[in-house]
Amino acid sequence: MARLAGVSGQTVSRVANGRTNVGAATRERVLTAMRELGYRPNTAARALRSGKFRNIGVVVFTLASYGNLRTLEAVAAAATERRYTLTLTPLARPTEAEVSAALDRLGEQAVDGVIMLVESRQGGGVEERTLRDIPVVVVDSRAVHRSAAVDTDQYEGARLVTEHLLQLGHPTVAHLAGPRDSHSARLRLEGWRDTLLAHRCGVPEPIHGDWYSDSGYSAGRMLAAEPELTAVFAANDQMALGVLRALAEAGRRVPEDVSVAGFDDMPEARNFIPPLTTVHQDFTSVGRTAVEALVQEIEGGPPAHYQEIAPRLVVRDSTAPAAAHPAARG
């Protein structure tokens with residue numbers, strides 16, 4: 001290859017190993033020679049020489065979750081840019097036993113580090129453990145981990161959307177929370193409740209759903225029967241969709257009678273009827289930050305600590321001033 005490209009063997013080695021200290025024209029000549037000769041890097045031999053496999057293990061509970069799917073997409077893109085491959089290990093259930101078994105399986109494979117898309121659970125939650133001294137990064141909110149952790153500031157997102165509804169003049173805000181054993185759901189609930197208390201508003205009893213639209217519909221039917229209801233904050237957009245349907249079936253107009261807000265800012269939210277006010281989570285930044293933190297440690301840098309990505313409120317047509325609501329006018 002060196003003779004064909006007209007370069008030194010050292011230059012070929014630099015290109016093959018992804019080094020950046022090679023000029024663009026020279027790199028292209030070497031890559032052309034590799035293609036002509038059918039060269040493929042021997043990653044196994046390289047791993048034996050360097051002690052690195054350039055492979056990241058990912059443990060994930062469910063890809064039905066919008067957040068997990070978007071974060072995994074970002075992890076895959078960032079890993080590819082850094083010339084790492086992924087080994088995906090799904091879990092049947094988010095339990096400590098399942099996580100431990102998944103880490104054992106990854107320990108039998110050639111991985112340099114692990115990213116966990118399995119949030120902590122309330123009351124005996126999932127805890128990552130050391131795996132052959134391999135670095136671990138957890139995508140989870142403010143949970144106590146021995147390893148680095150990355151996530152959106154869930155509490156701040158809930159505070160932003162609750163503050164928005166109160167500033168519109170609503171006397172209080174009902175909350176459709178996520179599952180009781182979800183750490184993210186608990187933080188969103190705390191952000192909602194603390195904001196109501198800070199404004200000396202009444203705190204309605206939250207209703208718990210399961211993140212999916214059917215549970216939002218069931219909760220929405222209960223909420224629609226409350227004549228004093230003027231505002232609802234659903235802990236994610238999918239449940240908010242169910243709430244919108246239940247309110248429409250009950251003849252409660254959104255936003256004229258009831259304002260509704262969600263959390264996540266999934267792409268479909270802008271096409272709900274009406275378009276949904278929601279909290280934007282930057283899943284791309286979360287996934288990329290997780291990869292960067294892991295690669296930094298894999299490649300000999302210091303381990304990262306908890307990194308929080310700021311959320312952003314996106315105001316659309318599903319929320320309106322309380323003056324439009326008969327219950328708020330009293």
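Reader: Does threonine 26 count as buried, partly exposed or exposed, and at what relative accessibility?

Author: The model is a predicted one, and within it threonine 26 counts as partly exposed, because its relative accessibility is 23% and the class of buried residues ends at 20%. Threonine 26 has its place in helix H3, which covers residues 24-37. Once its neighbours within four places in sequence are left aside, threonine 26 is in contact with Val7 and Thr11.

Reader: How many aromatic pairs does a search of the whole structure find, and what describes such a pair?

Author: In general, a pair of aromatic rings is described by two quantities, the distance of the centres and the angle of the planes. In this structure the search finds 2 aromatic pairs. For tyrosine 66 and phenylalanine 283 the ring centres are 5.6 Å apart and the planes stand at 85°, so this pair is edge-to-face. Tyrosine 66 belongs to helix H5 (residues 66-81) and phenylalanine 283 to helix H11 (residues 283-298), so the pair ties together parts that are 217 residues apart in sequence. Tyrosine 66 counts as buried at 13% relative accessibility, and phenylalanine 283 is buried with a relative accessible area of 6%.

Reader: Which residues form the aromatic pair that is tilted, and what is the angle between the planes?

Author: Phenylalanine 233 and phenylalanine 263 form the tilted pair, with 6.4 Å from centre to centre and 35° between the planes. This pair links distant parts of the chain, since phenylalanine 233 lies in strand S8 (residues 231-234) while phenylalanine 263 lies in the loop between strand S9 (259-261) and strand S10 (278-280), 30 residues apart. Both phenylalanine 233 and phenylalanine 263 are buried. The ring of phenylalanine 263 also has the charged end of arginine 188 sitting over it, 4.0 Å from the ring centre.

Reader: In what order do the 4 strands of the open sheet stand, and which strands are at the edges?

Author: The order is S7-S6-S8-S9, and the pairing is parallel. S7 and S9 are the edge strands, each having a single partner strand, so one side of each is left without a neighbour in the sheet. S6 and S8 pair over 3 bridges, and S8 and S9 likewise pair in the parallel sense over 3 bridges, while 2 bridges join S6 to strand S7 (residues 207-208). The chain crosses from S6 to S7 through helix H8 (residues 183-198), and this β-α-β crossover is right-handed.

Reader: Which residues of strand S6 point one way, and which the other way?

Author: From strand S6 (residues 174-177), Ala174 and Leu176 point one way and His175 and Ala177 the other, and all are buried. Histidine 175 stands opposite phenylalanine 233 in S8, and phenylalanine 233 in turn stands opposite alanine 261 in S9. The bridge partner of leucine 176 in S7 is isoleucine 207.

Reader: What is the mean pLDDT of the chain, and over which residues does the pLDDT stay under 50?

Author: The mean pLDDT of the chain is 85, and 85% of its residues reach 70 or more. Over residues 42-50, however, pLDDT stays under 50, and the model has 8 contacts for this stretch beyond four places in sequence. The pLDDT is also below 50 over residues 122-131, a stretch with 35 contacts in the model beyond near neighbours in sequence.

Notes:
Residues are numbered from 1 along each chain as its sequence is written. This is a predicted model: local features need pLDDT of at least 70, side-chain atom pairs count only at pLDDT 80 or more; totals for chains, interfaces and linings use all residues. Side-chain values use heavy atoms; hydrogens and water are left out. Rings of Phe, Tyr and Trp (its six-membered ring) pair if their centres lie within 6.5 Å; planes under 30 degrees apart count as stacked, over 60 as edge-to-face and the rest as tilted. Buried means under 20% relative accessible area, exposed over 50%, partly exposed in between (1.4 Å probe, protein chains only). A charge sits over a ring if NZ of Lys or CZ of Arg is within 6 Å of the ring centre and within 35 degrees of the ring normal. Two strands pair if DSSP finds at least two bridges between them. A crossover is right-handed if, with the strands pointing away from the viewer, the path from the first strand over the helix to the second runs clockwise. pLDDT is the predictor's confidence in each residue, from 0 to 100. Contact means heavy atoms within 4.5 Å.
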